[in-house]
Amino acid sequence: DVTEREERKEELQRERDRFKTLFESLPAAAIRSRFEDGEPIVRQVNPAFEETFGYDAETIVGSDLDSFVVPAEASQSSDEINHKLLDGDRVSRQVSRQTADGIREFHAEIVSLDPGAETTEAYAIYIDVTDDIRTRRRLEALFENSPDMIDIHDIDGTILDANQRFCEELGYTEPELIGSKVWEIDKELDP
């Protein structure tokens with residue numbers, strides 16, 4: 001019985017060590033918090049969090065996470081997230097957060113453990129998507145404002161999108177083009 005208990009303790013320690021290695025090695029910012037009076041109090045951060053947000057563990061552990069990383073204009077959204085986590089919901093969404101480099105956009109994956117218990121813990125992973133969003137916006141602006149006719153179609157030739165110039169030159173509205181085959185619009189193309 002004592003041997004079995006020791007084996008379980010050793011296995012539990014190995015599991016903890018594996019989890020700690022995973023948490024510390026994640027390339028994305030990760031945090032463990034515990035809700036106290038409805039606020040997420042930081043319990044642990046990984047090195048990627050420290051680098052991304054500019055706070056070392058000694059500074060932020062024991063503090064309300066939102067007071068460090070949530071910009072004033074995002075406080076309502078943050079409150080909504082906290083309520084969802086306390087209700088046991090998983091949160092997966094884009095959020096704005098204050099970092100060492102200013103406000104950036106993240107895809108947040110947050111899950112709570114033991115919702116409704118006296119102390120609810122949550123784990124969050126923040127993946128920085130700021131550069132992806134900026135790139136997408138630039139490409140959309142280039143697409144929409146290009147002096148050239150541009151359409152996007154799938155491998156079967158079905159038009160998925162068309163810029164304003166394309167519509168104007170061919171005399172169609174965008175809704176008329178979407179779903180049409182390219183060769184229905186341009187008779188010179190071979191299907």
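These legends go with a set of close-up views of one predicted protein model.

**Figure 1. The whole chain, before we zoom in.** Start by getting your bearings: the protein is built from 9 helices and 7 strands. Its radius of gyration is 25 Å, well over the 16 Å that the globule rule gives for 191 residues, so the protein is more spread out than a compact globule. You can get a feel for that from the C-alpha trace, which spans about 80 × 45 × 30 Å along its principal axes. How much of the protein counts as buried? The share is 32% of the 191 residues. By coincidence the number 32% turns up again in the contacts: take those between residues at least 6 apart in sequence, and 32% of them join residues at least 24 apart. As for the outside, the protein exposes about 12200 Å², with carbon and sulfur atoms supplying 48% of that area.

**Figure 2. Charges, and a salt bridge along helix 1.** The protein carries 22 positive and 47 negative side chains, and the centres of these two sets lie 6 Å apart. Some of these charges pair up, and the count comes to 15 salt bridges. One of them links arginine 8 to glutamate 4, with 3.6 Å between the closest N and O atoms. Why do these two sit about one helical turn from each other? Both belong to helix 1 (residues 2-25) and they are 4 residues apart, so about one helical turn separates them. Glutamate 4 has 47% relative accessibility, which means that it counts as partly exposed.

**Figure 3. A buried salt bridge between two strands.** Here the side chains of arginine 32 and glutamate 121 meet, with 3.1 Å from N to O. Arginine 32 belongs to strand 1 (residues 29-36) and glutamate 121 to strand 5 (residues 121-128), so this pair ties together parts that are 89 residues apart in sequence. Are these two residues buried or exposed? Both arginine 32 and glutamate 121 are buried.

**Figure 4. One turn of helix 6, and a network of charges.** Now look at aspartate 131 and arginine 134, whose side chains form a salt bridge at 3.9 Å, N to O. They are 3 residues apart in helix 6 (residues 130-145), so about one helical turn lies between them. Aspartate 131 has a relative accessible area of 45% and is partly exposed. Arginine 134 is partly exposed too, at 40%. Elsewhere, salt bridges with shared partners join Glu11, Arg14, Glu15 and Arg18 into one network.

**Figure 5. Isoleucine 31, tucked into strand 1.** Isoleucine 31 is part of strand 1. With a relative accessible area of 1%, isoleucine 31 is buried, because the cut-off for buried is under 20%. Which residues does isoleucine 31 touch, if you skip those up to four places away in sequence? Its partners are Phe23, Val42, Gln44, Val45, Phe49, Leu65, Ala122, Tyr123, Ala124 and Tyr126. For a sense of scale, leucine 160 is 129 residues along the chain from isoleucine 31, and their C-alpha atoms are separated by 40 Å.

**Figure 6. Aspartate 37, a loop residue with a positive phi.** Aspartate 37 sits in the loop between strand 1 and strand 2 (39-45). Its phi is near 55 degrees, a positive value in a residue other than glycine. Why point that out? Most residues other than glycine have a negative phi. Aspartate 37 is also exposed, at 82% relative accessibility.

**Figure 7. Asparagine 163, a buried loop residue.** Find the loop between strand 7 (159-162) and helix 7 (164-170), and there you have asparagine 163. Its relative accessibility is 0%, so asparagine 163 counts as buried. Leaving aside neighbours within four places in sequence, the residues in contact with asparagine 163 are Phe143, Glu144, Ser146, Asp148, Met149 and Ile150.

**Figure 8. Glycine 54, where separate stretches of chain meet.** Glycine 54 lies in the loop between helix 2 (47-53) and helix 3 (57-60). Threonine 99 is 45 residues away along the chain, yet the C-alpha atoms of glycine 54 and threonine 99 are separated by 6.4 Å. What does glycine 54 contact, leaving aside neighbours within four places in sequence? The answer is Phe49 and Ala100.

Conventions: Residues are numbered from 1 along each chain as its sequence is written. This is a predicted model: local features need pLDDT of at least 70, side-chain atom pairs count only at pLDDT 80 or more; totals for chains, interfaces and linings use all residues. Side-chain values use heavy atoms; hydrogens and water are left out. A salt bridge is a side-chain nitrogen of Lys or Arg within 4 Å of a carboxyl oxygen of Asp or Glu. Buried means under 20% relative accessible area, exposed over 50%, partly exposed in between (1.4 Å probe, protein chains only). The radius of gyration is taken over C-alpha atoms; the globule rule is 2.2 Å times the number of residues to the power 0.38. Contact means heavy atoms within 4.5 Å. Accessible areas come from the Shrake-Rupley method with a 1.4 Å probe; for residues, only the protein chains shown count as cover. Lys and Arg count as positive and Asp and Glu as negative; His and the chain ends are not counted. The place of a charge is taken as NZ of Lys, CZ of Arg, CG of Asp or CD of Glu.
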